[in-house]
Every structure is written in structure tokens, then in C-alpha cells.
Amino acid sequence: MRVRVATTALGITAALLALPACSTDTTGTKHQTSSAATTGEPADGVQKPATLSSAALESRLLDQSDLGSGYLPKPERPTQHDDVTVIGCRALSKLGGDAATGGTLAFPHKAKADFTYGGSSSEISEDLYSDSPKKLSDGIDRIFDAMTGCPAYQVVAGGTPVHVTSQKLPAPRVGGDEQWSQLLTFTTGGRSTVVKQTAIRDGSLLLIVSGSPALVDRHLDKALAKATAAS
């Protein structure tokens with residue numbers, strides 16, 4: 001149950017990004033960004049980065065040889081279509097709580113890998129997306145703003161209540177044009193799961209690494225290096 005709750009709750013981010021953009025009132029410091037990334041336009045004389053195909057993204061994902069011993073691919077779960085209600089977070093409710101489980105972000109090119117570690121509940125997942133820099137930036141920005149703008153809320157998925165707390169983290173200084181990071185705690189049935197989620201946009205590429213905080217910290221640099229090696 002513990003692992004399944006973590007996976008379902010992380011799907012909130014994926015599904016909400018598939019919905020139309022809408023403004024969100026947020027507080028606190030913004031993510032780290034460059035001036036070119038803010039406008040979504042390339043600087044003078046700089047060629048607009050090309051969009052990558054899903055096949056190209058697939059080849060840039062971390063695999064077992066990159067991660068090391070103890071990591072196993074996680075079997076895919078059937079897509080869930082349970083009704084979802086968000087309670088106590090107006091920003092997330094506005095984005096559409098009924099679509100808040102499962103799925104991947106609504107960018108045209110994508111690739112995903114999920115792993116478990118050491119036969120335990122520790123997990124790490126990597127998602128790669130490609131689209132125009134502005135679309136990537138606007139999409140992931142509004143989701144992180146909405147989630148971190150509500151320090152505590154509840155998600156009811158298929159009749160199961162999941163209590164969520166969120167904490168905005170400093171943007172990681174590992175490269176890329178823009179960075180986002182947050183710490184989420186999901187609690188249900190008296191059990192809690194802590195998940196770190198970090199996103200980095202580099203040109204027309206968006207990398208999202210999620211999972212156990214220690215595993216995200218351990219492999220983030222490696223994931224970014226492999227994803228952008230041929231860029």
C-alpha cells in the first residue's frame with residue numbers, strides 16, 4: 001500500500017499538466033531561471049533548440065547499468081481512472097482534480113523509466129519530455145507553483161483519502177536553464193511516504209526525477225548528464 005500510494009500521488013502532477021493552462025496565485029521565491037528562459041525566446045543569434053523525438057528521449061534515460069547494482073525495473077501498473085477530489089488546495093482544484101491520477105505530461109514527445117531499489121519500498125523514476133522551451137517552462141512551472149503553494153491538502157482517489165504536505169526546496173545548482181524542486185509527504189492508513197521531485201529544463205528538454213530523496217540526490221547529476229550529452 002505504501003508504494004502504491006506514493007505512485008498514485010505522484011500521478012497528480014502528471015495528469016494536471018495535461019489540462020489547459022490557468023493562472024495561479026503563489027507566494028515565495030520563484031524557481032531559478034535565466035532571462036532567456038523567462039521570455040521563452042532564444043537570445044539574439046542563438047538557434048532555437050530542436051525538439052527531440054520520443055525514441056531519442058528513450059535512449060537518454062538512465063538504465064540499470066547507469067544506476068548500479070540493486071536496481072530493478074518497476075512493472076507498469078494498469079492505468080487508473082478513479083474519480084479524484086482535491087480538498088484544501090484551491091489552486092490544484094482549479095487545475096482539475098478529477099484527472100489527478102496516472103498518465104504522463106501532455107507534451108508531444110516523452111519517455112519514462114521506473115526502478116525499485118534493494119527489494120524495498122525505495123523507488124526512483126525518470127521522465128523526459130521535449131517541446132518548445134516556453135511550453136515546457138510554463139507547464140511545469142504552474143504545476144510546481146500550485147503544489148508548493150498549498151502546504152497541506154487532501155486528495156481523495158477512488159474513495160481513499162491521501163493527506164499531502166508539500167515543501168518547496170531550493171533549486172538544485174546542477175545545470176540547465178531552469179530548475180524546480182519540492183518535497184512531498186503522502187499519508188494514508190497511518191503510513192507516510194516522502195518523495196522528492198526535481199525538474200530541470202535544458203533547452204527543449206525537460207527532465208523530472210522523482211522518488212526517495214536519497215536516490216534522487218544520488219542520481220540527479222547522472223540523469224542530467226546523460227539526457228543532455230548529445231544536445
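Author: Welcome! Two strands count as paired when DSSP finds at least two bridges between them. The structure above is a predicted model.

Reader: Which residue in E4 stands opposite Leu-72?
Author: Strand E2 covers residues 71-73, and three bridges join E2 to E4. Those two strands run antiparallel. Across from Leu-72, the residue in E4 is Thr-116.

Reader: How many bridges pair E4 and E5?
Author: These strands make a hairpin with five residues between them, and Gly-118 in the turn has a positive phi of about 60 degrees. His-109 stands opposite Ser-130 in E5. The pairing of E4 and E5 is antiparallel, and the number of bridges is eight.

Reader: Which element gives the most to the largest nonpolar core?
Author: Nonpolar side chains tend to be buried together in soluble globular proteins. Here the largest nonpolar core holds 21 residues, and Leu-128, Leu-207 and Val-209 have the most contacts inside it. Strands E4 (109-117), E5 (123-130) and E10 (205-211) and helix H7 (213-228) each supply at least two of its residues. With six residues, the element that gives the most is H7.

Reader: How many residues are in the other core, the one with Val-86 and Leu-95?
Author: This core lies apart from the largest one. Ala-146 and Val-162 are also among its members. Its residue count is 18.

Reader: Which residue does Cys-89 join in a disulfide?
Author: The count of disulfides comes to one. Its sulfur atoms are 2.0 Å apart, which is within the 2.5 Å cut-off. The partner of Cys-89 is Cys-150.

Reader: How many residues apart in sequence are the parts that the pair ties together?
Author: Cys-89 sits in the loop between strand E3 (84-87) and helix H5 (90-96), while Cys-150 sits in the loop between helix H6 (133-148) and strand E6 (152-157). The pair therefore ties together parts whose separation in residues is 61.

Reader: Is the disulfide of Cys-89 and Cys-150 right-handed or left-handed?
Author: The clue is the torsion about the S-S bond, which is about 80 degrees. That value is positive, so the disulfide is right-handed.

Reader: Is Cys-150 buried or exposed?
Author: Buried means under 20% relative accessible area. Cys-89 falls there with 2%. The value for Cys-150 is 10%, so Cys-150 is buried.

Reader: What share of the chain do buried residues make up?
Author: The secondary structure comes to seven helices and ten strands. Out of the 231 residues in the chain, the buried share is 45%.

Technical notes. Residues numbered from 1 in each chain as written. Predicted model: local features only at pLDDT ≥ 70, side-chain atom pairs only at ≥ 80, totals over all residues. Heavy atoms only, no water. Core = buried A, V, L, I, M, F, W, Y, C linked by side-chain atoms within 4.5 Å. Buried < 20%, exposed > 50% of the residue type's maximum accessible area, 1.4 Å probe, protein only. Helix = DSSP H or I, 4+ residues; strand = E, 2+ residues; numbered from the N terminus.
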